[in-house]
Amino acid sequence: MKDFLDTKPPIFKEAEETLQADEWLNTIEQKFYLLRVTIKMAEYASHQLQGLAGIWWTHYLSALPTGANVTWEQFKIAFR
C-alpha cells in the first residue's frame, strides 16, 4: 500500500461528467500497472474515495456478505 500511495494516486470525490470518473479509473490502473499490483486493487483504490464517493463505497460494501472480496472488475462496474 505504501508504494501505491507514494505514486500520489488522485483522490476521487465526485464527477460532473462520466469521463471524469473514467479518467480517475485510468489513472489508478496506470499506477497499478507501474507497480505490478495484481491483488487488492479494489481495496487500494477505495482508499482514494472521499466525500460522496466514500459514502457510496461504504454503502456498496454493506450490501455485500461480510468479508466479501471485491475484484477490480467488480469495482469498476459498480463505480461506473
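Ser46 is buried in this predicted model, with a relative accessible area of 14%, a value that earns the label because it falls under the 20% cut-off. Ser46 belongs to helix H3, and Ser46 is also one of the residues that line the largest pocket. The points below take up the surroundings of Ser46, then the pocket, and then the nonpolar core.

**Surroundings of Ser46**
- The side chains of Ser46 and Trp57 are joined by a polar contact of 3.5 Å.
- Once neighbours within four places in sequence are set aside, Ser46 is in contact with Trp57 and Phe75; Phe75 is also among the residues with the most contacts inside the largest nonpolar core.

**The largest pocket**
- The largest pocket holds about 200 Å³ of space, and its lining includes Lys40, Glu43, Ser46, Trp57 and Asn69.
- H3 and H4 are the elements that give two or more residues to this lining, and H3 provides the largest share, with three residues.
- Sorted by class, the lining of the largest pocket comprises five nonpolar, two polar and two charged residues.

**The largest nonpolar core**
- The largest nonpolar core contains 19 residues, and those with the most contacts inside it are Trp24, Phe32, Leu49, Trp72, Phe75 and Phe79.
- Helices H2 (18-35), H3 (41-46), H4 (51-62) and H5 (72-79) each supply at least two residues of this core, with H2 giving the most, namely five residues.
- Not counting residues up to four places away in sequence, Trp24 touches Pro10, Ile11, Phe12, Ala45, Gln48, Leu49, Phe75 and Phe79.
- In soluble globular proteins, nonpolar side chains tend to be buried together.

Conventions
Residues are numbered from 1 along each chain as its sequence is written. This is a predicted model: local features need pLDDT of at least 70, side-chain atom pairs count only at pLDDT 80 or more; totals for chains, interfaces and linings use all residues. Side-chain values use heavy atoms; hydrogens and water are left out. A nonpolar core is a set of buried Ala, Val, Leu, Ile, Met, Phe, Trp, Tyr and Cys residues joined through side-chain atoms within 4.5 Å. Buried means under 20% relative accessible area, exposed over 50%, partly exposed in between (1.4 Å probe, protein chains only). Helices (H or I, at least four residues) and strands (E, at least two) are DSSP runs, numbered from the N terminus. Contact means heavy atoms within 4.5 Å. On a 1 Å grid over the protein atoms alone, a cavity is a set of points where a 1.4 Å probe fits but cannot get out, and a pocket is an open set with protein on both sides within 12 Å along at least five of seven lines; lining residues have an atom within 4 Å of a point. Grid points are joined across faces, edges and corners, and a volume is the space filled by probe spheres set on the points. Ala, Val, Leu, Ile, Met, Phe, Trp, Tyr, Cys and Pro count as nonpolar, Asp, Glu, Lys and Arg as charged, and the others, Gly among them, as polar. A polar contact is a pair of N or O atoms within 3.5 Å; within protein, one must be able to donate a hydrogen and the other to accept it, and residues adjacent in sequence count only if both atoms are side-chain atoms.
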